[in-house]
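Here is a set of questions and answers for working through a protein model at the bench. Please keep the sequence and the structure in view while reading.

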Amino acid sequence: MSAISADFGINDALIQLDVKDLNEGSSTGSNNFSHGDIIESYSPVDGQLIGKVKMTTKEDYEKVMESATRAFKIWRTMPAPQRGEIVRQFGEKLREKKEALGKLVSYEMGKSYQEGLGEVQEMIDICDFAVGLSRQLHGLTMHSERPGHRMYEQYHPLGVVGIISAFNFPVAVWAWNTALAWICGDVCVWKPSEKTPICGVACQNIAAEVFKDNNLPEGICNLINGDYKVGEFMTKDARIPLISATGSTRMGKIVAQEVAARLGKSLLELGGNNAIIVTPDADIKMTVIGAVFGAVGTAGQRCTSTRRLIIHDSIYDQVKNAVVDAYKQLRIGNPLDENNHVGPLIDTDAVKMYENALTKVVDEGGNIVVEGGVLSGEGYESGCYVKPAIAEAKPNYEIVQHETFAPVLYLLKYSGGVENAIDIQNEVAQGLSSAIMTNNLREAERFLSVAGSDCGIANVNIGTSGAEIGGAFGGEKETGGGRESGSDAWKIYMRRQTNTINYTTELPLAQGIKFDL
Ligand code: NAD
């Protein structure tokens with residue numbers, strides 16, 4: 001049970017998470033190695049300073065790596081179900097702190113309190129998933145071509161896993177990675193986004209408490225702070241066999257090359273440009289709910305946010321009018337107030353990108369049907385609140401091909417069969433999430449077929465945003481090809497080994513080769 005009731009304020013949440021007094025930049029969570037420049041975290045909700053953390057220097061980083069490498073030697077020998085027990089306890093701690101952490105996520109990132117709670121729930125869900133998985137890390141056995149031989153494959157932990165995460169899911173993405181990596185026997189070093197460092201410290205505190213309670217070394221769970229330069233410590237470090245990086249495609253292209261140059265593995269979760277296809281057989285009411293939530297939820301700052309609505313010309317006006325009407329009901333304001341639908345963007349740079357996108361779509365010939373704009377005055381002092389906007393556009397506009405991380409929705413028209421809509425959908429460089437709204441079985445199956453959506457996620461009669469942890473999550477093309485979370489995503493956190501055992505007194509060679517001595 002939570003120590004305090006759910007209607008407590010942000011200050012109480014900071015106290016409960018032990019991040020209230022980060023005003024000297026002195027703390028980076030329990031294993032406090034950082035001594036670099038100070039990062040100040042300001043809330044996009046009200047522009048107030050939340051706290052300060054120190055950046056991790058190269059010397060600090062070396063200490064973290066020493067601690068992690070030492071801890072790995074202990075952690076990897078613990079039976080996987082026992083590691084699962086630790087992850088179970090971590091999930092329990094998250095249940096206790098759910099309201100407080102959900103509130104901090106909302107306050108530091110700007111998403112609604114409900115979405116902040118949802119993010120923590122995802123952390124809890126992946127812990128539950130990982131606990132079960134800790135008893136199922138299975139390999140295969142296969143028949144040997146040599147008599148009296150047994151052959152099988154097994155999975156071993158990799159070592160230190162480096163996690164680089166984006167601002168928009170400041171806690172869940174870390175948990176998706178760590179919960180699986182931990183049960184696999186890996187230890188983790190996490191660099192959260194420099195835009196949400198306090199969430200990082202809060203998570204580190206929660207996890208560190210569990211390891212301490214179990215007399216386990218601190219180095220199983222490590223936090224480093226800073227911008228891309230601190231991320232580069234990890235991407236260039238051959239001691240880290242796997243880098244899991246979530247963020248923009250621009251970042252992913254750099255990280256992929258750095259890690260590949262040392263023949264490391266990378267798991268990339270990058271930008272999306274997600275579309276919903278609306279066919280003549282769509283349920284319009286469901287379409288409007290899915291499209292509006294997908295486009296304006298988290299102020300358009302989800303990797304799975306709906307950016308493009310590809311609507312059949314026969315119902316184009318009807319769908320457009322219904323979506324435009326729904327936008328009139330949106331309430332924009334403090335995301336901790338549950339009456340509001342849309343909170344702020346992360347910072348004023350993001351506001352500039354939003355404004356540029358609206359200028360660009362008009363320059364390219366687009367037609368604004370719901371005006372955007374930056375809000376000012378009481379309640380909007382942070383300068384990060386914008387109005388969700390809608391523009392009619394053409395699929396080939398440069399701006400439509402691009403992911404703008406803000407609530408801008410493009411309406412695109414298609415004619416003829418669903419294959420034409422699928423072509424438009426697949427014409428972008430990104431391949432994360434996609435959806436079709438239709439009650440027509442043929443259209444739905446076509447969309448899911450080999451000639452259908454080229455995305456990692458393809459939904460029928462559900463929008464593009466949001467995913468359950470049970471399925472593998474990720475996307476193709478410029479989204480990076482990584483898969484995290486459910487299904488068999490755990491395999492990337494382990495190394496595969498093929499074993500052959502000879503239980504005879506002969507030594508036959510494979511492929512019938514003779515080597516007589
Ligand atoms: P970003 O690329 O600016 O930063 C992401 C992280 O990468 C940060 O921690 C940053 O410090 C680090 N980083 C940046 N350059 C680096 C480098 N050269 N070396 C090492 N680390 C580096 O992204 P953002 O603005 O924080 O997040 C928004 C983006 O993330 C959007 O494009 C969104 O679609 C994407 N995203 C994708 C997923 C997914 O699962 N596919 C999930 C969340 C966010």
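UniProt positions are given here in the numbering used for this chain, and such annotations may be inferred rather than shown by experiment. The model is a predicted one.

Q: Which residues does the UniProt annotation "domain: Aldehyde dehydrogenase" cover?
A: Over the stretch in question the chain is 39% helix and 20% strand, and the end C-alpha atoms are 48 Å apart. The annotation comes from an unreviewed UniProt entry, and the residues it covers are 38–498.

Q: Which residue does the UniProt annotation "active site" cover, and is it buried or exposed?
A: The annotation, from an unreviewed entry, covers Glu269, a residue found in strand E9 (residues 265–269). Buried means under 20% relative accessible area. Because Glu269 has 5% relative accessibility, the answer is that Glu269 counts as buried.

Q: Which residues does Glu269 touch, not counting residues up to four places away in sequence?
A: Glu269 lies in strand E9, and its contacts come from separate parts of the chain numbering, as the names show. Leaving out residues up to four places away in sequence, Glu269 touches Ala245, Thr246, Gly247, Phe473, Gly474, Gly475, Thr479, Gly482, Arg483 and Glu484.

Q: Which residues come nearest to the ligand, and which backbone lies 2.8 Å from a nitrogen atom of the ligand?
A: There are 28 residues around the ligand, and Ser165, Glu194, Ser248, Leu270 and Glu403 come nearest. The side chain of Ser248 has an N or O atom 2.6 Å from an oxygen atom of the ligand, while a polar side-chain atom of Lys191 lies 2.8 Å from an oxygen atom of the ligand. The polar backbone atom that is 2.8 Å from a nitrogen atom of the ligand belongs to Leu270.

Q: In what order do the 7 strands of the open sheet stand, and which strands are at the edges?
A: The pairing in this open sheet is mixed, and the order of its 7 strands is E12-E13-E14-E11-E10-E16-E17. Each edge strand has a single partner strand, so one side of each is left without a neighbour in the sheet, and these edge strands are E12 (367–370) and E17 (457–460). From one strand to the next, the twist averages 25°.

Q: What is the bridge partner of Ala391 in E14?
A: Strand E13 (residues 389–392) and strand E14 (residues 408–414) run parallel and are joined by 4 bridges. In E14, the residue that partners Ala391 is Tyr410.

Q: Which side chains of E17 point to the face where they are buried?
A: E17 pairs with E16 in the parallel sense over 4 bridges, and Ser433 has Ile457 as its bridge partner in E17. In a regular strand the side chains alternate between the two faces of the sheet. E17 shows such alternation, with Ala458 and Val460 pointing to one face and not buried, while the buried side chains on the other face are Ile457 and Asn459.

Q: Which residues of H13 are buried, and what covers them?
A: Helix H13 (residues 418–426) lies across strands E10 (274–278), E11 (306–312), E14 and E16 (433–437), and runs at about 145° to E14. The buried residues of H13 are Val418, Ala421, Ile422, Ile424, Gln425 and Asn426. What covers them includes E10, E11, E14, E16, helix H14 (441–448) and strand E19 (476–477).

Q: Which side chain joins that of Arg302 in a polar contact of 3.1 Å?
A: Arg302 lies in the loop between helix H10 (284–296) and E11, and at 12% relative accessibility Arg302 counts as buried. Its contacts beyond four places in sequence include Asn168, Phe169, Phe293 and Arg307. The side chain that makes the polar contact of 3.1 Å with Arg302 is that of Glu115.

Q: What are the phi values of Asp18 and Ser485?
A: Most residues other than glycine have a negative phi. Asp18 is in the loop between H1 and E1 and is exposed, with a relative accessible area of 57%, whereas Ser485 is in strand E20 (residues 484–485) and counts as buried at 0% relative accessibility. Neither is a glycine, yet phi is positive in each, at about 60° for Asp18 and about 80° for Ser485.

Methods
Residues numbered from 1 in each chain as written. Predicted model: local features only at pLDDT ≥ 70, side-chain atom pairs only at ≥ 80, totals over all residues. Heavy atoms only, no water. Pairing = 2+ DSSP bridges. Helix = DSSP H or I, 4+ residues; strand = E, 2+ residues; numbered from the N terminus. Axes fitted to C-alpha atoms, helices over the stretch in contact; angles between N-to-C directions. Contact = heavy atoms within 4.5 Å. Buried < 20%, exposed > 50% of the residue type's maximum accessible area, 1.4 Å probe, protein only. Near = heavy atom within 4 Å. Polar contact = N/O pair within 3.5 Å; in protein donor to acceptor, adjacent residues only side chain to side chain.
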